Amino acid sequence: MSPQITSSPKDNHLLARLPPDEYERLLPHLQAVNLALGTRIYEHGQKQTHAYFPTTCILAFLRADSEGQSTKIGMAGRDGMAGLTQVLNDQPTLNLTLVQSPGLAWRLAIEVLQREFFRGGSLMYELLRYTQLYLTQVSQVSMCNRLHLLQQQLCRWMLFTLDRQDTAEIASTQEMMASLLGVRRQGVSKAIAQLQAEGIIARRRGKISILERDQLEQKACECHQVVKMEHSRLFPNLEADALPTPSHFSNALARNYLNQRTNSLEKAISGSGLAWWDFNLLTDTNQEKNCEAWTGMLGYAPGEFFPTGSEWEAMIHPDDLVLWTEARRSHLSGETTVYKCDYRIRHRDGHWIWISARGRVIDRDHAGNALRMVGTNKNITARKESEAALQKLVRTDFLTGAVTRREFFEQSEREFSRAQRHLTPLAVLSMDLDRFKNINDNYGHAAGDEVLKRFTKTVNHFLRVTDVFARLGGEEFCLLLPHTDMAGAKVLAERIMAAVRDTPVLVGTDNIHYTISSGLSTKTPTTLSFDELLKQSDQALYQAKSAGRNRVLVYGRATESLNTNDTSSSRL
């Protein structure tokens, strides 16, 4: 038997503040769901289909790094919602959302929420204000996680939780709290034990009772009060039924009220980094002339530039034009319910910025032809650059700039499959710096790092765009050479070896001479996998080192080598 529903949608503060007509439009689509502790309602990389408006449960928003470690960046209870980003950005979420405290929430399909949002009524106003509150919370929590002590973070988390429920008892395990704070469980246990010893809290299995909230606030950092003050500013303590409506005023007062709402909405949109547009498709012009962000993000002063649709299209990056045209066409024809497209457009200074555009047709003629379309633009250049920087961090070695081991194997598997399919040559060159430990011992690790960086620079001088050079670990490197046969690979290996030998590294006043050993293998008709090819080059490298270093050996041709006398030891 399903549990009895004891909560109303209006127990959520955002839904409670909606006027009756908007609330009644949403009510048939709201579905009550009971959420258990630890339930994941959104996974990282998952596209959201529903928004959640909590009433008695509390949701936690977490961000995970590339190694799977996560930390909490915010929470929402009856004061807020989850799924807002999907309204304006129909992309898979970057965050993990799970149930921190069990209870009830009201679920609403994203498509229904988008439709009501783009009506431009109170729902849009409330959700944009909540966006500003959410951003304040995320930035404050991020700073708190970096700067404040664990006990301060724990007290702040408890206070955030208390603000979103009616009881002084928090349902959570120490393991859950450690996961939410991104710390070790032992640290949480120690902090809780200290608070209990001081009589501020009492704990039992899976429960924490707050005995002295005043003392808990004194133990916490200022982050809780900063977010609480922002909440009070954005959401004054008014009952939903007491919210003013134009019918309560004379015509003059009603106009004043509507102007205030319009100004507040514009400020909320501006604070969210959004530029509002209202496009007349018959005249090919934007009718929203007062939104400075419309062209301000392109570097133009207010009132300086009002491009037509055709002029705007001419400014779009050529590589993104097809994507933009198709997104616009499919929405104008009615194939999609929402227009959405991320693309690059030329800034006044000549560089490219990224725009995230969202909108909807709100007026059509009797034949179904689109007449008017409204929506928003947002400059997402910083986000795109951050994503690119993160990808570079994941794919390149932080010291040398060479490709990482993981990225090397991924690219090598693809190149091997391509070479098998098209019957093209493929070579692998395994390289190792000779007696590198002596460099670290005699000159220091900083000098050793400089040698690794200079070696990478030397190799890069000989590479083509299609070649893949990686640092596999320590002083071990590997070079993948697509479309390269044995003869070509041997010539390249000899040039690299000679360049390394003839180019000492100047560190301070010391000229550090060093050499490399290399093993070479090439794909044959009997080679079954890239792993086999790499093992062959490693075996050849091992033979080269055993034979005296400072040479290249070809797999299967142990007597055929390219080498000079090994003089590296006398120079270290």
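Before you select anything, one cut-off: buried means under 20% relative accessible area, exposed means over 50%, and partly exposed is what falls in between. Keep in mind, too, that this is a predicted model.

**Stop 1: Lys545 and Asp434**

Select Lys545 and read off its class: at 23% relative accessibility, Lys545 is partly exposed, because that value falls between the two cut-offs. Now add Asp434, which counts as buried at 1% relative accessibility. Lys545 and Asp434 form a salt bridge, and their closest N and O atoms are 3.6 Å apart. This pair links distant parts of the chain, 111 residues apart: Lys545 belongs to helix α20 (residues 530-546), while Asp434 sits in the loop between β16 and α17 (436-443).

**Stop 2: strand β16 and its partner**

From Asp434, step back to strand β16 (residues 426-433) and show β18 as well; the two run antiparallel and are joined by seven bridges. Which residue of β18 stands opposite Leu426? Click across and you'll land on Pro482.

Now colour β18 (residues 476-482) by accessibility. This strand is mostly covered, with six of its seven residues buried.

**Stop 3: the β17-β18 hairpin**

Bring in β17 (residues 468-473), which is antiparallel to β18 and joined to it by five bridges. To find one of the pairings, select Ala470 and look for its bridge partner in β18, Cys478. Then go to the turn: two residues lie between the strands of this hairpin, and Gly474 takes a positive phi near 55 degrees.

**Stop 4: helix α16**

Next, select residues 405-422, helix α16. From first C-alpha to last, these 18 residues reach 26 Å, close to the 26 Å expected at 1.5 Å a residue.

Show side chains for Glu407, Phe408, Ser412, Glu415, Phe416 and Ala419, which are buried. They sit on the same side of α16, because they cover an arc of only 160 degrees around the axis. Spin the view to the other side of α16 and you'll meet Arg406 and Arg421, both exposed.

What do the buried residues of α16 pack against? Switch on the neighbours and you'll see α15 (381-395), α20 and the strands β16, β17 and β18. Before you leave, check Leu423 just after α16, where phi is positive at about 55 degrees.

**Stop 5: more salt bridges**

The structure holds 28 salt bridges, so pick a few by hand. Start with Arg164 and Asp79, whose closest N and O atoms are 3.3 Å apart in their salt bridge. Arg164 is in the loop between α6 (150-163) and β8 (169-171), and Asp79 is in the loop between β5 (70-76) and α3 (84-88), so the pair ties together parts that are 85 residues apart in sequence. Both Arg164 and Asp79 are buried.

For a local one, select Glu450 and Lys453, a salt bridge with its closest N and O atoms 3.6 Å apart. These two are three residues apart in helix α18 (residues 445-460), so about one helical turn separates them. Glu450 is partly exposed, with a relative accessible area of 28%, and Lys453 is partly exposed as well, at 36%.

Finish by selecting Arg17, Glu126 and Arg129 together: salt bridges that share partners join them into one network.

Terms used: Residues numbered from 1 in each chain as written. Predicted model: local features only at pLDDT ≥ 70, side-chain atom pairs only at ≥ 80, totals over all residues. Heavy atoms only, no water. Buried < 20%, exposed > 50% of the residue type's maximum accessible area, 1.4 Å probe, protein only. Helix = DSSP H or I, 4+ residues; strand = E, 2+ residues; numbered from the N terminus. Pairing = 2+ DSSP bridges. Salt bridge = Lys/Arg side-chain N within 4 Å of Asp/Glu carboxyl O. Expected span 1.5 Å × (residues − 1). Arc of directions from axis to C-beta. Contact = heavy atoms within 4.5 Å.
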